[in-house]
Amino acid sequence: MYSYRINGGKPLRGDITISGSKNAVLGVLAASMMLDGPCILENVPDISDVKVMVELCRTIGATIEEIDKYTLRIDPTTINTYTATGPEVSKIRASYYLLGALLARCGKAYLRMPGGCNFGQRPIDYHLKAFKAMGAKGTNARDIENGIIKLEANPLHGARVFFDIASVGATINVMLAATKAQGVTMIINAAKEPHIVDVANFLNSMGAKIKGAGTDTIRITGVPTLPGNFSYSIIPDQIEAGTYMIAAAVTGGDVTIHNLIPTHMEPLSAKMREMGYTVEEDDESIRVYKEPDAEIEGTNFKTAPYPGFPTDLQPQAVVLLCLASGMSKMHENVWETRFQYVAELQKMGANINCIERVALVSGVDSFKPACVTATDLRAGAALVCAALEAPGVSYIGYASRIDRGYENIIEKLTSLGADVERVEKPVFDNDGEA
Ligand code: EPZ
């Protein structure tokens, strides 16, 4: 039960390096469970969601050794079950990738329903419908008893799968199952996020036959074995990078963010330039600052699947809009409800009105320090950005939720001149773990 204490009002200045992508490594860890030999994963972020996923893989018998803080040696040949129904499964959403991985490895997968941030309904109907098309039994809602999904496919065969919405999780899960299914699987209207490409690249480096990842249509030709015996380095985290770009901007600072892929940042870089910030790109870094005479104007954002503006930067972008002049709108088109954090920003003086999936933002001069709660991972990151700008001391409760996806955030912000620390006390009486 700990909080972050942030004494804000200081411009961030200097350089930081981005860690490996949370949403890529969670898919890659599940994919590694399908291999017929060991592998080495590099640039693994040191965050709590990874620790949960590693523990989950160990509960099914995989041998995972930490070679160093950022490198894992994974041996899935010791896997001894296709059942994962312990409490750790419900801690994160990505646990459901084990459905695809275990179906591919064992032809069976028994899994407790996943957890994840509370954005309203988070169905997995696309996943189950696709597995059904691939020959799996147990995919109907009535088959789920006591919250346990029990899938069996004998055999698991290729299928043509169409997604109504370009779902990240369903795209990755079907890619996993199809990698060792009999025949060819086509995914139409696939999601194209960078982390999907990373999972496909990992699998292909281990012997899979996946074509088209990163486009609307992915073709997977099933293979009988995945020898493994390779090393793979996880891509940099697009959302962590975007969060620091926004933190630099709102504090009136000048920060260069290293070890990122500028193309992945384009949806945010373009919008920040539109607002009046200076965003300079190099091969693997981006510098963010504001020219002295630049006016920061409000604008409208619309979240969408990649290459649209990422929903995981939506809360942080609203913090940008709160400090821009004029009226702005944030349209959240991916999740049913993703504005729970607005009430916390209003405690800090933000002028925001939410109507269903739209937040209307009217610019203010500055945030005010306050005691607030991280309602989820990215909401917490947004509150950090606001507290860094607010002159004075703010406290952010439920800070463990932020550590789910931000490696060494205190150290990274401190290196940029921020006055932040972790305090081992809840901000509010009912403060608890993530
Ligand atoms: C992934 O969640 C990410 N999580 C989320 O990031 C991210 O917000 C989301 O993709 C969108 O980019 C991980 O990668 C671990 P979806 P996922 O399936 O896969 C609907 C973070 O902060 N849908 O792309 O669960 C769904 O309700 C987290 O890192 C169905 O209707 O997202 C939503 O409206 C938060 N049925 C839309 O599709 C399904 O079977 C997109 O969901 C699946 C999804």
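**Note on the ligand site and some backbone features**

1. The ligand sits in the largest pocket. This is a predicted model, and the points below should be read with that in mind.

2. The shell around the ligand is made up of 23 residues. Arg93, Asp125, Ser167, Asp312 and Val334 are the closest of them. By class, the shell holds 10 nonpolar, six polar and seven charged residues.

3. Three of these closest residues can be described by a specific atom pair. For Arg93, a polar side-chain atom is 2.6 Å from an oxygen atom of the ligand. For Asp125, a polar side-chain atom is 2.7 Å from a nitrogen atom of the ligand. Val334 uses its backbone instead: an N or O atom of its main chain lies 2.6 Å from a ligand oxygen atom. When checking the site by eye, these pairs are a convenient place to begin. Taken alone, the ligand exposes 820 Å², and the protein buries 92% of that area.

4. Which helices each supply at least two residues of the shell around the ligand? They are helix H1 (22-32), helix H4 (125-133), helix H5 (168-179) and helix H11 (377-389). The greatest contribution comes from H4, which gives three residues. Asp125, whose side chain was described in point 3 as lying 2.7 Å from a ligand nitrogen atom, is the residue at which the range of H4 begins.

5. Both domains take part in the site. Domain 1 (2-18 + 236-424) provides at least three residues of the shell, and domain 2 (22-221 + 228-233) likewise provides at least three. Each domain is given as two sequence segments, so to speak, and a reader following the chain should keep both ranges to hand.

6. Two cis peptide bonds deserve a look. One joins Asn154 and Pro155, with omega about 10°. Pro155 is in the loop that runs between strand E9 (148-153) and strand E10 (160-162). The other goes from Tyr306 to Pro307, and its omega is near 10°. Pro307 is placed in the loop between strand E18 (300-302) and helix H9 (314-322).

7. One further backbone point concerns Asn189. Its phi is positive, near 65°, although the residue is not glycine. Asn189 belongs to the loop between strand E11 (184-188) and helix H6 (194-205).

How values were computed. Residues numbered from 1 in each chain as written. Predicted model: local features only at pLDDT ≥ 70, side-chain atom pairs only at ≥ 80, totals over all residues. Heavy atoms only, no water. Near = heavy atom within 4 Å. Polar contact = N/O pair within 3.5 Å; in protein donor to acceptor, adjacent residues only side chain to side chain. Areas by Shrake-Rupley, 256 points an atom, 1.4 Å probe, with all protein chains shown as cover. 1 Å grid on protein atoms, 1.4 Å probe; cavity = no way out; pocket = protein on both sides within 12 Å on 5 of 7 lines; lining within 4 Å. Sits in = over half its atoms within 2 Å of the grid points. Helix = DSSP H or I, 4+ residues; strand = E, 2+ residues; numbered from the N terminus. Nonpolar A, V, L, I, M, F, W, Y, C, P; charged D, E, K, R; others polar. Domains from an automatic or database assignment.
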